[in-house]
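This note is meant for a colleague who is opening the structure for the first time. It goes point by point, and it may help to keep the view open while reading.

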Amino acid sequence: MPLTGRFITDGGGLVPETVLQNTLTDEGEVEYLKMIFQGNAALIASGGNFFVGLTTVTPADTVTLSQCAAAEPTSAGGYARQALSRDSTGWPTLSAVNGENSIRSKTVNFVASGADYDASITRMFLTDTLSGPTGTLLSISAAFANAVTVSDGATLPVAYESFIY
């Protein structure tokens, strides 16, 4: 029962619709397996949300949330990780894609307000922590073809889709 996922942007005028495959990090793989097969809810017990973030880090299976957080934009321009509740509101779409079952999150919007984000974005990530370097990094996306600048007033819409095949 392999599990994989991808991040999707619908462009929002910043980039054309883009699908970026992701890498499940080593710690993400362990947490998914513990949740599914051992009923271990420790990862989600503190509030239940997952969070999408933006970063410039170069990933590997061993990349950590601390490394992603160090390469996130600062709060300039209003940057903050976006919540995905673990329910049918946060993950409203169950479907089959090419015969593979999947679930897709709602779209969350990264909106620069009052200033540009201070870093050009190359990747997105999924974590269990609203902010900071401590927590579990579940997955990280492949890189955009070109770094994305989120300028004052611009919106970068993002969704996450997970497959079991």
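## Reading notes

1. S95 counts as partly exposed, because its relative accessibility is 29%, and buried would require a value under 20%. Please keep in mind from the outset that this is a predicted model. The residue S95 belongs to strand β5, which covers residues 93-97. If neighbours within four places in sequence are set aside, S95 is in contact with E100, N101, S102 and E161. From S95 to D152 the separation is 57 residues in sequence, and their C-alpha atoms are 35 Å apart in space.

2. D152 also serves as a reference for D116, and here the distance is of another order: the two C-alpha atoms are separated by 4.5 Å, although these positions lie 36 residues apart along the chain. D116 sits in the loop between β7 and β8, and its side chain reaches the backbone nitrogen of D152 at 2.7 Å. Beyond its neighbours within four places in sequence, D116 has contacts with A76, G77, V150, S151 and D152. D116 is partly exposed, because its relative accessible area is 39%.

3. What is the charge environment of D128, a residue that is buried yet has no salt bridge? The nearest side chain of opposite charge is that of R81, and it is 7.1 Å away, whereas a salt bridge would need the nitrogen and the carboxyl oxygen within 4 Å. D128 is placed in the loop between β8 (123-127) and β9 (137-141). Its side chain does make polar contacts, one with the side chain of T127 at 3.5 Å and another with the side chain of T129 at 3.1 Å.

4. R81, for its part, is paired with E72 in a salt bridge, the closest N and O atoms being 2.7 Å apart. Both E72 and R81 are buried, and the structure holds one salt bridge. Side chains of opposite charge can pair when their charged atoms come close.

5. Which residues of the largest nonpolar core touch the most other members? They are V52, L54, F110, L126, V150 and V158, out of 27 residues in that core. At least two residues of this core come from each of β2 (18-24), α1 (26-38), β3 (50-55), β7 (108-111), β8 and β10 (155-164). Another core lies apart from it and has eight residues, among them V63, L65, A71 and F125. In soluble globular proteins, nonpolar side chains tend to be buried together.

6. V158 deserves a separate look, since its contacts can be listed in full. Leaving out neighbours within four places in sequence, V158 is in contact with F7, I8, T9, V52, K106, T107, V108, F110 and M124. Of these partners, V52 and F110 are also named among the core residues that touch the most other members.

7. The structure holds four aromatic pairs, and two of them are described here. Y79 and Y117 form an edge-to-face pair, 5.4 Å centre to centre and with 85° between the planes. This pair links distant parts of the chain, with Y79 in the loop between α2 (65-70) and β4 (82-84) and Y117 in the loop between β7 and β8, 38 residues apart. Y79 and Y117 are both buried.

8. W91 and Y160 make up another edge-to-face aromatic pair, with 6.2 Å centre to centre and 90° between the planes. Distant parts of the chain are linked here too, as W91 lies in the loop between β4 and β5 and Y160 in strand β10, 69 residues apart. Both W91 and Y160 are buried. Together with F50, W91 and Y160 form one aromatic cluster.

9. A last residue to check is K34, which lies in helix α1. Is K34, with a relative accessible area of 26%, buried or partly exposed? K34 counts as partly exposed, because 26% is not under the 20% that buried would require. Not counting residues up to four places away in sequence, K34 touches G39 and N40. The helix that carries K34 is also one of the elements that each supply at least two residues of the largest nonpolar core.

Key. Residues numbered from 1 in each chain as written. Predicted model: local features only at pLDDT ≥ 70, side-chain atom pairs only at ≥ 80, totals over all residues. Heavy atoms only, no water. Helix = DSSP H or I, 4+ residues; strand = E, 2+ residues; numbered from the N terminus. Buried < 20%, exposed > 50% of the residue type's maximum accessible area, 1.4 Å probe, protein only. Contact = heavy atoms within 4.5 Å. Lys, Arg positive; Asp, Glu negative; His and termini not counted. Polar contact = N/O pair within 3.5 Å; in protein donor to acceptor, adjacent residues only side chain to side chain. Core = buried A, V, L, I, M, F, W, Y, C linked by side-chain atoms within 4.5 Å. Phe/Tyr/Trp six-rings, centres within 6.5 Å; stacked < 30°, edge-to-face > 60°.
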